[in-house]
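Colleague: Could you take me on a close look at a single part of this model, starting from one residue and working outwards? I would like a connected account of the packing there, and then a short look at the rest for context.

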Amino acid sequence: MPSAPALLNRHSLRWKFALLVTLACCATALTIGILVHNSTRDRSMNDGAVKALDALSQVLDEYEQTGTPPVGAVTNTEVMPDPLARRLRSSPHPGSEIPKASSTAGTAHDRRVTADEEVTWYDGNPNRPRMWAARTYHGEPFATSIDMTPDLLTRQALDRHMWKYALVALAVIVPLSLLLAELPHRRLRHVARTARRIADGDLTSRISAGGGRGDEIREISTALDAMADSLHGRLKAEQRFTADVAHELRTPLMGLVTASGLLDEGEAADLVRNRVEALRTLVEELLEISRLDAGAESAELRPVPLAEVVADSLARTGLPVRFAPTAAPLAETDPRRLDRIVTNLVVNAHRHGGGLVEVRVTATTVTVRDHGPGFPAELLAQGPQRFRTGSVERGRGHGLGLTIALGQAQVIGAGLDFANAPDGGAVATLRLPAASRSART
């Protein structure tokens, strides 16, 4: 089920889909309502006109038989509606023409009709609507009317029912559309989560959309899986290339190390030995990274006194460091890999930082800080990148030290964070798991 913030997100496709369905339903209901209303009104006007003309025909038949206007016949134009009376008065003689009255109140057709032709007129008085039928008979005006109140009430009731049921339909359709929108929305969230895992480095994560044709979401899922497969393949190829190059360089490098040791003492020999040692360190680091990438490293965890292990690692570096240990419990870790992490962090701080390098041990946390320009923003955002130091002011290097430290921290189950101190300088924080009670005893 989606979380409350996701449901309240007005920019979500779920709400846009519901809004689109609501607008479509409203437009459909309005169109159908107008068509039904107009059709019902026209039919009602036609039925009323037929009834009024039938009543007028009966009046004239009775008048023909008796010679006197029957009850219900209106012969006084003063009693008739003004628009109808004016038109009857305008053509008092047979053979003349009068405009034919409209079936709607207040308007009239422009076409003129001959005298003795029957015309109708709808008086749309909301209190007492009536349909009139009139004609001049032997030069005298005759008119009858029928009550249209039941017809008006029926049409008003129909309009109310259409509005009511349209609102009921919307009350059902809108929540239903939200539920239906959740199905593609859930699939899109799964695609987004998988894409974020791939972006975080898990190139084995897949959506598993399956084959065959489908909708656009399936096409996106298939394309994302294909992209992840391609990236994973390229990364594996680069890792194999790095490992192959390191292994191929190792044999001739050993020969260079042996040959440099046979050189006579001198400035040139020292320079050659220095460069050969740098090349040897680079090859060893490439081999270590290739093992980390392949997942071939495994930790041998055991409880160790953290402050003592860190102090031994700092002593082996031979670099000036201010060490501030505190009373620390035993940590569950691999001492050899911990030594590799601390050494790389301290060497990196001296090589790329500046000023005094401080190392502090608090509980099961090791903090290494320098007073240089700090880590570049790119490293803080993306983490250490091999063969990239991030900024010129951090100095030159191949960027493998922090990459190896982060990889070894993952092997021993520790967390390694990089940050900049508020008053300047880079800060690397290594958090180790504490030793269990059974391990301590």
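**A close look around Glu358**

Modeller: Happy to! Leaving out residues up to four places away in sequence, glutamate 358 touches Arg322, Thr367, Val368, Arg369 and His371. Please keep in mind throughout that this is a predicted model. Glu358 is found in strand 9. Its relative accessible area is 18%, and since the cut-off for buried is under 20%, this glutamate counts as buried.

Let's follow the chain from there. Between strand 9 and strand 10 there is a loop, and alanine 363 lies in it. The backbone of Ala363 deserves a glance: its phi is near 55°, a positive value in a residue other than glycine. Ala363 has a relative accessible area of 36%, so it is partly exposed, whereas Glu358 is buried.

Both of these strands also feed the largest nonpolar core, which has 30 residues. Strand 9 (358–362) and strand 10 (365–369) each supply at least two residues of this core, as do helix 7 (306–317), helix 8 (335–352), helix 10 (400–411), strand 11 (415–420) and strand 12 (426–431). Among these elements, helix 8 gives the most, with 6 residues. The members that touch the most other members are Leu306, Val310, Leu345, Phe418, Leu430 and Leu432. For background, nonpolar side chains tend to be buried together in soluble globular proteins.

Val310 is a good place to see how the pieces meet. Setting aside residues up to four places away in sequence, Val310 touches Phe323, Val342, Val359, Val361 and Val366.

Next come the helices around this core. Two packed helices are described by the angle between their axes and the distance between the axes. For helix 7 and helix 8, the axes come within 9 Å and cross at roughly 55°. That angle makes helix 7 oblique to helix 8, and the crossing is right-handed. On the helix 7 side, the contact is made by Leu306, Val309, Val310, Ser313, Leu314, Arg316 and Thr317, and on the helix 8 side by Pro335, Leu338, Asp339, Val342, Thr343 and Val346. Sorted by class, the contact of helix 7 with helix 8 has 8 nonpolar, 3 polar and 2 charged residues. Val310 thus appears both in this contact and in the list of core members that touch the most others.

Helix 8 has a second partner. Its axis and that of helix 10 come within 9 Å, crossing at roughly 155°. With that angle, helix 8 is roughly antiparallel to helix 10. Here helix 8 passes helix 10 in a left-handed crossing, whereas helix 7 passes helix 8 in a right-handed one. The residues that helix 8 brings to helix 10 are Arg337, Arg340, Ile341, Asn344, Leu345 and Asn348, and they meet Gly401, Leu402, Ile404, Ala405, Gln408, Ala409 and Val411. By class, the contact of helix 8 with helix 10 divides into 7 nonpolar, 4 polar and 2 charged residues. Leu345 sits in this contact and is also one of the core members touching the most others.

Now for some context away from that part. A second, separate core has 14 residues, including Met45, Tyr137, Phe142 and Met148. Two of those names come back in the contacts of leucine 60: leaving aside neighbours within four places in sequence, Leu60 is in contact with Arg135, Tyr137 and Phe142. Leu60 is found in helix 2 (residues 13–66) and is buried, with a relative accessible area of 6%. Its C-alpha atom is separated by 8.6 Å from that of alanine 73, which is 13 residues apart from Leu60 along the chain.

There is one more helix pair to look at: helix 4 (residues 149–199) and helix 5 (residues 216–261) pack at an angle of about 10°, with their axes 11 Å apart. These two helices are therefore roughly parallel to each other. Helix 4 contributes Pro184, Arg187, Leu188, Val191, Ala195 and Ile198 to the contact, and helix 5 contributes Ile217, Arg218, Ile220, Ser221, Leu224 and Ala228. The contact of helix 4 with helix 5 has 9 nonpolar, 1 polar and 2 charged residues.

Zooming out to the whole chain, the protein has 11 helices and 12 strands. Of its 441 residues, 35% are buried, and Glu358 is buried too. Among contacts with a separation of 6 or more, 57% are between residues 24 or more positions apart.

Note on methods: Residues numbered from 1 in each chain as written. Predicted model: local features only at pLDDT ≥ 70, side-chain atom pairs only at ≥ 80, totals over all residues. Heavy atoms only, no water. Core = buried A, V, L, I, M, F, W, Y, C linked by side-chain atoms within 4.5 Å. Buried < 20%, exposed > 50% of the residue type's maximum accessible area, 1.4 Å probe, protein only. Helix = DSSP H or I, 4+ residues; strand = E, 2+ residues; numbered from the N terminus. Contact = heavy atoms within 4.5 Å. Axes fitted to C-alpha atoms, helices over the stretch in contact; angles between N-to-C directions. Parallel < 35°, antiparallel > 145°, perpendicular 65-115°, else oblique. Left-handed = near helix turned anticlockwise from the far one by under 90°. Nonpolar A, V, L, I, M, F, W, Y, C, P; charged D, E, K, R; others polar.
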